Amino acid sequence: MATTLQTLDRGLRALEIIAEHAKGVSVAELAEQLDVHRAIAYRIVTTLEQHGLVVRSAEGPLRLGAGISLLASHFEPQLSAVAQPLLQALAKATRATAFISVAQGEECVVIRVAEPDEGLLRVGYRVGSRHPLTQGAAGIAILAGRAPSEADNEAVRQARSDGYSLTRGQLQRGAVGVASPAATSHFRTGIEACVGVVAMDDLDTERAIREVKAHALQLAELVGR
């Protein structure tokens with residue numbers, strides 16, 4: 001039976017808790033959520049600070065440090081490397097432009113794209129394209145991959161229930177997008193990603209939904225290994 005290293009597990013959980021609080025979290029609050037004595041929480045925080053993963057402001061709240069961005073910058077190329085064959089297969093199966101998008105702040109950013117060899121009229125969806133997380137299938141799918149929030153709109157709640165988001169004409173007239181969050185028990189906080197396809201009105205949405213959900217799960221499993 002697999003076992004975990006308790007101290008490391010607590011440190012990683014501490015990062016997850018801090019990441020969930022945009023305005024920061026106190027050591028006392030962190031200790032409470034970790035269910036540990038405040039002295040243990042201080043030791044965890046001090047260790048994370050030494051590696052640049054956590055910072056404490058003058059007022060005291062804990063926030064993620066620049067070290068997280070450095071880890072993320074190394075992770076995204078690895079994500080792209082394992083993703084390209086998967087995206088090519090998805091584009092072929094759906095005859096649509098396949099993509100992976102990630103959350104960057106309040107925006108959804110495309111980091112990888114694969115075009116179909118033939119088929120539907122293509123949509124201008126390129127690496128580096130960005131839009132608000134609250135718009136488009138990709139943004140909604142990423143929000144749906146997060147823990148439920150009172151701020152969630154109906155589209156996000158529906159996507160969380162269905163396991164995918166389907167939008168029409170939100171970002172480009174005539175464009176249909178389908179996206180699913182790349183989230184499993186292994187794919188936790190850090191990089192928030194989704195897999196999707198986008199095409200014009202004649203997209204076979206039933207096939208696209210089936211393929212996108214399967215490929216999103218496959219990506220999450222590949223990255224989580």
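This note goes through selected helices, strands, loop residues and one surface patch of a predicted model.

1. Strand β8. Residues 193-199 form strand β8. Seven of the seven residues of β8 are buried, so the strand is largely enclosed by the rest of the structure. A193, V195, V197 and A199 point one way from β8, while C194, G196 and V198 point the other way. Buried residues therefore lie on both faces, each having under 20% relative accessible area.

2. Partners of β8. Strand β3, residues 97-104, is joined to β8 by six bridges, and the two run antiparallel. In this pairing A98 has V197 of β8 as its bridge partner. Strand β7 also pairs with β8 in the antiparallel sense, again over six bridges. Here A179 stands opposite G196 in β8. The two partners named in β8 belong to the opposite sets given above: V197 points one way and G196 the other.

3. Strand β6. The next pairing is that of β6, residues 165-168, with β7, residues 176-181; the sense is antiparallel and there are four bridges. T167 of β6 stands opposite G177 in β7. β6 has a covered face made by S165 and T167, and an uncovered face made by L166 and R168. By contrast, β8 has buried residues pointing both ways. Taken in order, β6 pairs with β7, β7 pairs with β8, and β8 is joined to β3.

4. Helix α7. This helix covers residues 205-223, 19 residues in number. At 1.5 Å a residue α7 should span 27 Å, and its end C-alpha atoms are 26 Å apart, which agrees. The buried residues of α7 are T205, A208, I209, V212, H215, A216, L219, A220 and V223. They cover an arc of only 150° around the axis, which puts them on the same side of α7. The spacing fits a general rule: an α-helix has 3.6 residues a turn, so residues three or four places apart point the same way.

5. Helix α3. The 13 residues of α3, 38-50, should span 18 Å at 1.5 Å a residue; the end C-alpha atoms of α3 are 18 Å apart, which agrees. A41, I44, V45 and L48 are buried in α3. They cover an arc of only 95° around the axis, which puts them on the same side of α3. On the other side of α3, R43 and Q50 are exposed.

6. Backbone angles in two loops. D35 is not a glycine, yet has a positive phi of about 60°. The residue lies in the loop between α2 (27-34) and α3. D35 is exposed, with a relative accessible area of 70%. R95, also a residue other than glycine, has a positive phi near 55°. R95 is placed in the loop between α4 (66-94) and β3. With a relative accessible area of 44%, R95 is partly exposed. The cut-off for exposed is over 50%, so D35 passes it at 70%, whereas R95 at 44% does not.

7. A nonpolar surface patch. L5, L8 and L12 make a nonpolar patch of about 310 Å² on the surface. Of these, L5 lies in the segment before α1 (6-19). L5 is exposed, with a relative accessible area of 60%.

Methods: Residues are numbered from 1 along each chain as its sequence is written. This is a predicted model: local features need pLDDT of at least 70, side-chain atom pairs count only at pLDDT 80 or more; totals for chains, interfaces and linings use all residues. Side-chain values use heavy atoms; hydrogens and water are left out. The expected span of a helix is 1.5 Å times one less than its number of residues. Buried means under 20% relative accessible area, exposed over 50%, partly exposed in between (1.4 Å probe, protein chains only). The arc is that of the directions from the helix axis to the C-beta atoms. Patches are made of residues with over 30% relative accessible area and no salt bridge: like charges are joined within 9 Å, nonpolar side chains (Val, Leu, Ile, Met, Phe, Trp, Tyr) within 5 Å. Accessible areas come from the Shrake-Rupley method with a 1.4 Å probe; for residues, only the protein chains shown count as cover. A salt bridge is a side-chain nitrogen of Lys or Arg within 4 Å of a carboxyl oxygen of Asp or Glu. Two strands pair if DSSP finds at least two bridges between them.
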